[in-house]
Each structure stands twice: as structure tokens, then as C-alpha cells.
Amino acid sequence: MTTFCIWCCEPTHLPIPAKKPGTMRSSLTLVGTLWAFLSLVTAVASSASYFLPYWLFGSQLGKPVSFSTFRRCNYPVRGEGQSLIMVEECGRYASFSAIPSLAWQMCTVVTGAGCALLLLVALAAVLGCCMEELISRMMGRCMGAAQFVGGLLISSGCALYPLGWNSPEIMQTCGNISNQFQLGTCQLGWAYYCAGGGAAAAMLICTWLSCFAGRNPKPVMLVESIMKNTNSYTMEFDHCLKP
């Protein structure tokens, strides 16, 4: 009888409740689902604007020219007879040091870091929609803080961008009258506003929604799970000891 009880009480032989097949539970609340959607939208909008060369519009040699921080569309080259001709194509600068000004170099690094942070948080938020216990209440708030930092970095990049308008390359495009925070004949493009709007939405809306995104804190859920398992083992052990 003793041998039988020891065998039946081994944890490997205890019945394990089977999970229902095909069920998928989110670790986010209803507000958290909205937060995940807005996080993805703001991250994609800011990142796409960062890579598109439509932050600044001007003209040179009768051709439209546009810039971002590290890319531009349409640029002059020396042709036959030392004359300048416009090459109508978009591309990035040959090297980091070839970016027209120090302010734009700083803007490139700061904005890129902010976009990467927003994309990372957005990916985790989307995964939280289909994975149980991935994002707790505390984890959601930490991710909201990361979104605030990412939005702050992108906003800082947008603030640094006008400091580079006094470079010779920009002055040639803006009528040789541009200066810091003075565009001359140029104008800001839609990508600049899109990046700034995405950063503002991430800092204000997404950060606030993240406070209510996760479900119960993970430590509480872990304790509840341990207590349930302990009670189950205790009941099985008592059943084995009964004559």
C-alpha cells in the first residue's frame, strides 16, 4: 500500500488539466488593444517620414529639390564645359560626414534612435494582443515611458533640423537667403509635419493609454498560479493517503 501511494503521488503522474485547443487570450485590455493599434500607427508614420526625403522643398537650376536629414532628391553635378546639370533622382549622402551640417547629423542620429524605440514598443504591443501574460500593468507603463522617450527624441530631432538651414547646400536651394529658422524661398514638407505629429501622439496619447493597457500585474498572477497548483497537489496527496 505504501508503494502504491508513493507511485500515485509522484508529480509526473498527476493529471494535468488540458487547455482548450484553439483558444487565444490577449494580455491587453480593451484600452490596451487601442494603445497597441495607435502605437503601431505612430511608429510607422514617424519611421516612414524619417526615411522619406520630403522634409524640405525648394528649387535649384529650375528643378524641384527636396531634403530630409540624410537624403535628398535631385542634385547638381558638373557636366561638360564645367556647367552644372541636375540629376533627377533620390538618394542618401555618400557618407555620414557628407551630410550638409552638424545639426542635421545630430538630427539623423537622434531621430533614428527615437524611431527604433517606437518600433520596438509597437512590436511588443502587437504581440501582446495575441499572447497571454506577455504585458502586465507595470510592463505596459514601462513601455509607455519608453514611448515617451522615443517621442521626445524625435521631437528633439525636429527641433534641431532648422539649425542646419544656414549650410551652403541649403542656401543654394533656398535662394541664398536662408538662415537658421529662416527658410528663404523654401518651405517645410509634409514628412516633417508627419514625423512631428507621430512623435507628439506617441508622447501624449500612447503614453497615457499605456497606463491602462496591461491586465493584472504579473507577480499577482504568478502567486495565484502557484497557489492553485499547490492546492491541486495537496488534494491529490490527501486522496492517496486515505485508506
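Student: Which pattern do the disulfides of the protein follow, with bonded cysteines counted along the chain?

Tutor: They follow the pattern 1-2, 3-4, where a disulfide is a pair of cysteine sulfur atoms within 2.5 Å. This is a predicted model, in which local features need pLDDT of at least 70 and side-chain atom pairs count only at pLDDT 80 or more, while totals for chains, interfaces and linings use all residues. Residues are numbered from 1 along each chain as its sequence is written, and side-chain values use heavy atoms, with hydrogens and water left out.

Student: OK, and what does Cys-73 join to?

Tutor: Cys-73 is joined to Cys-90, with an S to S distance of 1.8 Å, and the link is right-handed, with 105° about the S-S bond. Cys-73 lies in strand E3 and Cys-90 in strand E4, so the disulfide ties together parts that are 17 residues apart in sequence; strands (E, at least two residues) and helices (H or I, at least four) are DSSP runs numbered from the N terminus.

Student: Is Cys-73 buried or exposed?

Tutor: Cys-73 is buried at 6% relative accessibility, whereas Cys-90 is partly exposed at 41%. Buried means under 20% relative accessible area, exposed over 50%, and partly exposed in between, using a 1.4 Å probe and protein chains only.

Student: What about Cys-174, where is its partner?

Tutor: Cys-174 is bonded to Cys-186, at 1.9 Å from S to S, and both cysteines lie in the loop between H5 and E5, 12 residues apart in sequence. The torsion about this S-S bond is about -105°, so the disulfide is left-handed, and both Cys-174 and Cys-186 are buried.

Student: Why is there no bond from Cys-107 to Cys-158?

Tutor: The closest cysteine sulfur to that of Cys-107 is in Cys-158, and at 6.6 Å it is too far for a bond. Cys-107 is buried at 0% relative accessibility, and Cys-158 is buried at 7%.

Student: Switching to the sheet, what is the strand order?

Tutor: The five strands form an open sheet in the order E4-E3-E2-E1-E5, with antiparallel pairing, two strands being paired if DSSP finds at least two bridges between them. Strands E4 (84-92) and E5 (187-188) stand at the edges with a single partner strand each, so one side of each is left without a neighbour in the sheet.

Student: And which residue in E3 is the bridge partner of Ser-66?

Tutor: The bridge partner of Ser-66 is Cys-73, and Cys-73 is also the cysteine joined to Cys-90.
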